[in-house]
Each structure stands twice: as structure tokens, then as C-alpha cells.
Amino acid sequence: MPNPIPLFVCPGRGANYHCLVSGPVRSTLLCVVALSAFVATCAAIHSFAPLHVNEVSEKLLFFKTHRAEFDTVFVGSSRTYHGVSPKVFDETLRATGRTTRSFNFAIDGMQSPESLMMVRRIVALRPPSLKRIVLETSRLRVLSNPDPVTPRDIYWHDAEALKYACRKFLADSRPRPAKKKDAGFAKAWAEFTTHLRLFAVNEMNIGRAGLWLGEATSPPKVKKQQPPPLGPDNDGFAPVFREPDERHVKNVAAEMEQLRGRAKPVHQVDPIHRGELVRLEKELAQKQVALSFVATPSVREVNGKLDVPDGSPIFVFDDPASSLYRLENRFDADHLNTTGAIEFTRLLATEFARRLDAAPAQ
């Protein structure tokens, strides 16, 4: 048996009396102390020097500061970011006798699962007045070895994202009948390890010093003209701000004409994505927050209900025959212009009010 190794002087026992701890126990204690210090340091960096992500950081900070003011939040991609005006939404509902205060938390390019993690992050801020979240429908993004990795890829990879990655890997890696060799496991493993790597980068702040140093020492960049993330009304809505040229308008008109001439594509339900939406819906219901969905008027992605759970409230506006698909309301194939955004928001708010009247307890 190895000789005990003195670790520290026991209080009240005198200077020459040592608490004796065996070598393996001492090593374990030192490892626990070191790991605890590492975790505490990582947490402190997250709290006092969070990763800056364009658009995301500005909206998170604003919403955190004003979280008591909002009862309705919209989450989605640029289709919602540039397509739903909280100001118009609130005014339209006010005309029906309902008072609401909404905020547009959509971000350019944000799809599931990032949008799902954003919803959880919003709710984690405990906004006391929050009653409902309206989530834009989207396909589930497959994330595999992004190159280069950006802060946008990293910031949302928290513990909840890792749980999602584990569930998706277990589902995707199951053997499935196929006519030819199934590469499902290899793809599932590549996606899972990507999520795991980004989780480690985020939680352990890997490369954070390099990002800070690069931002501090790089010469000022000439930024492209962009709208402020919070928009002109400080409600998160940023209308499109560029004037399309003649060629651009012709291309959009051609795409819309092709859309009207073909049948709406049939979407095969993704059971993994639907399961995640069901889980999110239940989480929010426990916090007394209602989750609704909206299918935005896109030309390239006429998607209908997608993976929305059966029975969940959804507002569908992807009918090519509607006024939202007229050229005068479009900026491009995916986005409405300012006129179209106002009309879309009014239609959404009107339908929203109608359903609230039909179900007062909602």
C-alpha cells in the first residue's frame, strides 16, 4: 500500500499535524478542482465577454433589455425579418380591439435547428409578458463540416443543441431498407461530429482570443450598405432597402410565372424535425407560451405545412394565386418589398385576430 501523502494542514490540529490523503485520491481531488476552475472560467467568459454575432447579438441585447414590453415574438429567416412589421401587426390588432406589442426576432438565413434554439434562448430570458411565439416554417438544415467556421455557426451550439444532435444521430444512424448500399450512418456521423465540434468550440471558447485579436488589429472594413438590425422602428423589422434593376425585375417575373404553371411540390414529412417541433411546443406550453407557425409567401420554397405537428396553429400564405405573389409586392423570389411586407403583415394580423376571437383562451 503506498504511503499516504500529506495534502494540507488540518485547521485546529497544529502546524505539525497533516491530513493524510493517498496519492490516487489526491490526484482525483486535484483533477476535480482543475476541472471546476476550467468550467467556471469558461462560464465567466460567456457571461462577461459573449461571442458577437452580427444581427443576433444586437437583437438579443435589445430584447433582453426590453423583454418586459413584448407579448408576441416572430422568429424565422430573412423572409420574416424583411416581411413582418411588428408596428403594422400591432396597429392592425389594435383596430380589432386587441392590444399587443410584438417584436421581430428573425435573422437572415436562420433555419431549424438554429431557429428552435433561438426560441429556447428567448424564453430563457423569462420575458414576463410573453404569450406567444410565431415560428416560420422551414426545412431542417443539415450541418456538416462548415468551412470556414463562423461565429454564426458557433453561438447556438449549447447543451440543448447537443441533445438535439444526439437524438438526430440516433434516428439517422438506424439501418433502413434501401435498394443500394445505405450511406446513412456515415452522413449521420459526419453531421453529429460537426455539432459536437461546434459545441466544444462554443462552450470552451476555443479560438475566442484569436477572434478578439483579429477584430482589434484589423483595419476598418468598408461595409456594404445594410439596414440596422433593429430596423427603423426598433422592433426588429428591416424592410428591403435596395431598388431592384430592370433585369432583376424580369427574372422575378419569370420565376413567378413558372411557379403558377406547376403543381405545388409534395413534401415528405421529416419525422425527426416534426419530433423536435412537438418537443418545443410542449416545452413552451409548460411556460404558458403558445407556439404558432407561419408559411411565408416565397416563390422558391412553396412549402405549405412542412413538418408542423398535426393540430398546431399555422398561418399559410404560400398560395401563388394570392396578391402577395404579384410583381408589385415582390423584391425577389424569396422576399417581399416594403409594400408587400405591409400587406402580408396586415393579412397575418387579421387572420391572427380572427383566430383569437374564435378561441379566446388562446
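**Entry 1: Phe169**

I started at Phe169, which sits in helix α7. A reminder to myself before going on: this is a predicted model. Is Phe169 buried or exposed? Its relative accessibility comes out at 14%, so I put Phe169 down as buried, the cut-off being under 20%.

Next I looked up what Phe169 touches. With neighbours within four places in sequence set aside, I found Phe185, Ala188, Trp189 and Phe192 in contact with Phe169. I also checked a pair from farther along the chain: Phe169 and Ile272 are separated by 103 residues in sequence, yet their C-alpha atoms are 9.9 Å apart.

**Entry 2: cavities**

I searched the whole structure for cavities of 30 Å³ or more and got two. Since I was already at Phe169, I took the second largest one, where Phe169 is one of the lining residues. I get a volume of about 40 Å³ for this cavity. Along with Phe169, the lining has Tyr164, Ala165, Lys168, Asp172, Ala188, Glu191, Phe192 and His195. Ala188 and Phe192 were already in my notes as contacts of Phe169.

Which helix gives the most to this lining? That is α7, with five residues. Helices α7 (159–172) and α8 (184–203) each put in at least two. By type I noted five nonpolar residues, one polar and three charged.

Then the largest cavity, at about 60 Å³. Its lining is made of Ser112, Ser115, Leu135, Glu136, Thr137, Ser138, His273, Leu277, Phe293, Leu306, Asp307 and Val308. Two elements give two or more residues here, namely β5 (132–136) and α11 (271–286). I sorted this lining into five nonpolar, five polar and two charged residues.

**Entry 3: the sheet**

Two lining residues of the largest cavity, Leu135 and Phe293, sent me to the strands. I traced an open sheet of five strands in the order β4-β3-β5-β6-β7, with parallel pairing. Which strands stand at the edges? They are β4 and β7 (314–316); each has a single partner strand, so one side of each has no neighbour in the sheet. I averaged the turn between neighbouring strands, ignoring direction, and got 20°.

I went through some of the pairs one by one. β3 and β4 run parallel and share three bridges, with Thr72 opposite Ser102 of β4. On β5, the parallel pairing with β3 covers four bridges, and Val73 has Ile133 as its bridge partner there. At the other end of the order, β6 (residues 290–295) pairs with β7 over three bridges, again parallel. Phe293, from the lining of the largest cavity, has Ile314 in β7 as its bridge partner.

For β3 I also wrote down which way the side chains go. Thr72 and Phe74 point one way, Val73 and Val75 the other, and all four are buried. That fits the usual rule, in which side chains of a regular strand alternate between the two faces of the sheet.

**Entry 4: helices around the sheet**

I looked at α12 (residues 338–358) next. This helix lies across β3, β5, β6 and β7, and I get an angle of about 140° between α12 and β7. I picked Thr345 from α12 to see how covered a residue there can be. Thr345 has a relative accessible area of 0%, so I count Thr345 as buried. Leaving out residues up to four places away in sequence, I found that Thr345 touches Gly83, Val84, Ser85, Val88 and Phe89.

How many of the 11 residues of α5 are buried? I count nine, so I wrote α5 down as mostly covered. Among the buried ones are Ser115, Met117, Met118 and Arg120. Ser115 also lines the largest cavity. The cover over the buried residues of α5 includes α2, β3, β5, α6, α7 and α11. Just after α5 comes Arg126, where I noted a positive phi near 55°.

Last, α2 (residues 56–65). Its buried residues are Val56, Ser57, Lys59, Leu60, Phe62 and Phe63. Their cover includes β3 (72–75), α3 (78–81), β4 (102–104), α5 (114–124) and α6 (151–154). So β3 shows up on both of my cover lists, for α2 and for α5.

Note on methods. Residues numbered from 1 in each chain as written. Predicted model: local features only at pLDDT ≥ 70, side-chain atom pairs only at ≥ 80, totals over all residues. Heavy atoms only, no water. 1 Å grid on protein atoms, 1.4 Å probe; cavity = no way out; pocket = protein on both sides within 12 Å on 5 of 7 lines; lining within 4 Å. Points joined across faces, edges and corners; volume = space filled by probe spheres on them. Nonpolar A, V, L, I, M, F, W, Y, C, P; charged D, E, K, R; others polar. Buried < 20%, exposed > 50% of the residue type's maximum accessible area, 1.4 Å probe, protein only. Contact = heavy atoms within 4.5 Å. Pairing = 2+ DSSP bridges. Axes fitted to C-alpha atoms, helices over the stretch in contact; angles between N-to-C directions.
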